[in-house]
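Okay, thanks for squeezing me in. Let me put the thing up on the screen and we'll walk through it together.

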Amino acid sequence: MTDGNETLMIESSTLADWMSAGDVYLYDVREEHEFAKSRIPGSILLPLSVFDPRQVALTTKKKLVFHCRSGVRCGQAAEIMRSFGYEGSIYRLTGGILAWAESGGKIEPGDN
C-alpha cells in the first residue's frame with residue numbers, strides 16, 4: 001500500500017490486520033436499517049444518503065476505510081471525499097460486508 005492521493009481496494013484480510021493493529025477508521029456507508037441488522041465491530045455508521053465529509057475523522061495516523069454491502073456505495077463515498085478536497089489515501093473494502101463475512105470476519109448482530 002502507498003500513502004498519497006489514491007483510492008485503493010483492500011481485501012478483508014488486510015482490513016482485519018489493520019483493525020487488529022488499531023490502525024483504521026472504518027466507516028460503514030450502508031443505511032441505518034442495514035447497520036441495525038449487522039455490522040463489522042468498530043465500524044462507524046455514516047450512511048451514503050446523508051454522507052457528510054466533515055463527519056469523517058481526518059488524520060494521517062490511521063487509515064481511512066469505507067465499506068458498504070458489496071463494494072459499490074463505498075466508491076461513491078470516496079468520490080464525495082475527493083470532491084470535498086480530501087487528499088489522503090482512501091481504502092475501499094473489496095466486496096463489502098458480504099465478502100468480509102464470507103472470509104470469516106466477525107459480524108456483530110444489530111438491534112433488529
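So, start at Glu31, which sits in the loop between β2 and α2. One thing to say right away: this is a predicted model. Now, who does Glu31 touch, leaving aside its neighbours within four places in sequence? The list is Leu45, Pro47, Leu48, Ser49 and Arg73. Take Leu48 from that list: Glu31 and Leu48 are 17 residues apart in sequence, yet C-alpha to C-alpha they are 7.0 Å apart in space.

Step back one residue to Arg30, in that loop between β2, residues 24-28, and α2, residues 32-37. Buried or exposed, what would you guess for Arg30? Its relative accessible area is 4%, and under 20% counts as buried, so Arg30 is buried. What does its side chain do in there? The Arg30 side chain makes a polar contact with the side chain of Asp28, at 2.7 Å. A polar atom of that Arg30 side chain also lies 2.6 Å from the backbone oxygen of Ser38. And if you ignore residues up to four places away in sequence, Arg30 still touches Phe35, Ser38, Arg39, Leu45, Pro47, His67, Cys68, Arg69, Arg73 and Ile97. You'll notice Leu45, Pro47 and Arg73 in there; Glu31 is in contact with those as well.

One more step back, and we're at Val29. Beyond four places in sequence, Val29 touches Leu46, Pro47, Leu48, Phe51, Phe66, His67, Cys68, Arg73, Cys74 and Ala77. That brings us to the cores. The largest nonpolar core has 15 residues, and Val29 is among those with the most contacts inside it, along with Phe51, Val56, Leu64, Phe66, Met81 and Ile90. Where does this core come from? β5, residues 63-67, and α3, residues 73-83, each supply at least two of its residues, and the largest share, four residues, comes from α3. Apart from this core lies another one, of eleven residues, and that includes Ile10, Trp18, Ile40 and Leu93.

Let's stay with α3 for a second. Its buried residues are Cys74, Gly75, Ala77, Ala78 and Met81. Look down the axis of α3 and those buried residues fall within an arc of 160°, so they line one face of the helix. What do they pack against? That would be β1, β5 and β6. The face of α3 turned away from the buried side carries Glu79 and Ser83, both exposed. Then, just after α3, Gly85 takes a positive phi of about 105°.

Now flip over to α1, residues 12-20, where Ser12, Thr14, Leu15 and Trp18 are buried. Down the axis of α1, the buried residues again come out within an arc of 160°, so they line one face of the helix. On the other side of α1 you have Asp17 and Ser20, which are exposed. The buried residues of α1 pack against β1 (7-10), β2, β5, β6 (90-93) and α4 (96-102). After α1 comes Gly22, with a positive phi near 65°.

Ser12 deserves a quick look of its own. This serine lies in helix α1 and is buried, with a relative accessible area of 7%. Which residues does Ser12 touch, not counting those up to four places away in sequence? Leu93, Ala99, Trp100 and Ser103. And for a longer reach along the chain: Ser12 and Glu108 are 96 residues apart in sequence and 16 Å apart in space, C-alpha to C-alpha.

Okay, zooming out to the whole protein. The secondary structure comes to four helices and seven strands, and along the sequence the pattern reads β-α-β-α-β-β-β-α-β-α-β. Of the 112 residues, 43% count as buried. For 112 residues, a compact globule would have a radius of gyration near 13 Å, and the protein has 13 Å, which agrees. Along the principal axes, the C-alpha trace spans about 35 × 30 × 20 Å. On contacts: among those between residues at least 6 apart in sequence, 67% join residues at least 24 apart. Last one, the surface: about 6,000 Å² is accessible, and 49% of that belongs to carbon and sulfur atoms.

That's my tour, so I'll leave the model up while we talk.

Technical notes
Residues numbered from 1 in each chain as written. Predicted model: local features only at pLDDT ≥ 70, side-chain atom pairs only at ≥ 80, totals over all residues. Heavy atoms only, no water. Buried < 20%, exposed > 50% of the residue type's maximum accessible area, 1.4 Å probe, protein only. Polar contact = N/O pair within 3.5 Å; in protein donor to acceptor, adjacent residues only side chain to side chain. Contact = heavy atoms within 4.5 Å. Core = buried A, V, L, I, M, F, W, Y, C linked by side-chain atoms within 4.5 Å. Arc of directions from axis to C-beta. Rg over C-alpha atoms; globule rule 2.2 N^0.38 Å. Areas by Shrake-Rupley, 256 points an atom, 1.4 Å probe, with all protein chains shown as cover.
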